[in-house]
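Here is a friendly walk through one protein model, best read with the viewer open beside you.

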Amino acid sequence: NSIYYMAPDIYQESAGRLSALLLRGLPSVKEIVFIPSGRLGTIPFEALLYKKPGKESSFGSFPYLVQRYAVSYEFSAGLLLQKKARRTDTDKASILLCAPISFPVKDNLNDLPGTEQEVTSISKLFSGKAQVMKGQDANEGLVKSGGLDRYGFLHFATHGIVDETSPELSRIFLQSTGTEDGNVFSGEIFNLKLNADLTVLSACQTGLGRYSKGEGVIGLSRALVYAGARSIVVSYWSVADQSTAQLMTDFYSVLLSRPGVSLESALRQAKENMITKGTFAAPYYWAPFVMIGSQ
């Protein structure tokens, strides 16, 4: 709550206590994989503190874990051991970007005009290997038509809803077609065939779901993993599309400009850039986006 409502004083106290409890004896490494359980599955660990804070009281000055470590998450140790190797084919740098931008009145969803610039800016980084689907072209039929396994990256800039009671009803929103209503349900995502190194849901609350003992959070994230996504980026809460566009563009820029950099390290750098630039330094803007699946 202190992050979501941007209350630095409360954050400093609560994050300090939680960090002291959870982050005892941090190792001398560059990357950390967390396998959280229960309610810990909705905490962005990179927003915790790697050392005791001083007298700082502004979000731009706290010693966040993300400034020292690249953080990623796994559902279980078993899935970590079974992880497939990254793609080595010539299309690994190709990306499909989808942004519906506007939504039917009946769905009671705000339009996302900033996502158009988001996917356009990202596409320019991929040197002709990007397919951009905007507006009516970003429809459910496209997702179900096959061919998603050709892309090394999939990026969906849209709304998402997680149903904690019935995880199979969790969904992301695309445009409708004559035969599809535009709701891509979690149960439908399970049947997709993906072969992407990374799938990004640049949407609202896509990382949440129902808690299951020993299984972590069941929602859109789990569906994408079973569909074949090696790593995914999802969000824990709703974020303004302007700050999201900046974070995502920086992420891909770092990833493509530094050969061999890991996905989690590129995301860490993009988040640190936001903190350094100051405009979106508060973890409210960068902390909700987490990487599930390490390399």
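## A three-stranded sheet

In this predicted model, strand S7 (residues 171-173) pairs with S6 in the antiparallel sense, over two bridges. Look for Ile161: its bridge partner in S7 is Arg171.

These strands belong to an open sheet of three, in the order S6-S7-S8 and with antiparallel pairing. Strand S6 (160-161) and strand S8 (183-185) form its edges, each pairing on one side only.

## Helix H8

Next, turn to helix H8, which covers residues 263-277. From its first C-alpha to its last, the 15 residues of H8 reach 21 Å, close to the 21 Å expected at 1.5 Å a residue. Just after H8 comes Gly278, with a positive phi near 95°.

Is H8 largely enclosed or not, and why? Because 11 of its 15 residues are buried, the helix is largely enclosed by the rest of the structure. The buried residues include Leu263, Leu267, Met274 and Ile275, and also Glu264, Arg268 and Lys271.

## The nonpolar core

The largest nonpolar core holds 84 residues, and Tyr64 and Phe251 have the most contacts inside it. In soluble globular proteins, nonpolar side chains tend to be buried together.

Setting aside neighbours within four places in sequence, Tyr64 touches Ile275, along with others including Tyr11, Leu48, Phe59, Pro283 and Trp286. Ile275 is also one of the buried residues of H8.

## How far to trust it

Mean pLDDT for the protein is 86, with 90% of residues reaching 70 or more. Over residues 209-218, however, pLDDT stays under 50, and the model has 26 contacts beyond four places in sequence for this stretch. Where pLDDT is low, the predicted coordinates should not be read in detail.

Methods
Residues are numbered from 1 along each chain as its sequence is written. This is a predicted model: local features need pLDDT of at least 70, side-chain atom pairs count only at pLDDT 80 or more; totals for chains, interfaces and linings use all residues. Side-chain values use heavy atoms; hydrogens and water are left out. A nonpolar core is a set of buried Ala, Val, Leu, Ile, Met, Phe, Trp, Tyr and Cys residues joined through side-chain atoms within 4.5 Å. Buried means under 20% relative accessible area, exposed over 50%, partly exposed in between (1.4 Å probe, protein chains only). Contact means heavy atoms within 4.5 Å. Helices (H or I, at least four residues) and strands (E, at least two) are DSSP runs, numbered from the N terminus. The expected span of a helix is 1.5 Å times one less than its number of residues. pLDDT is the predictor's confidence in each residue, from 0 to 100. Two strands pair if DSSP finds at least two bridges between them.
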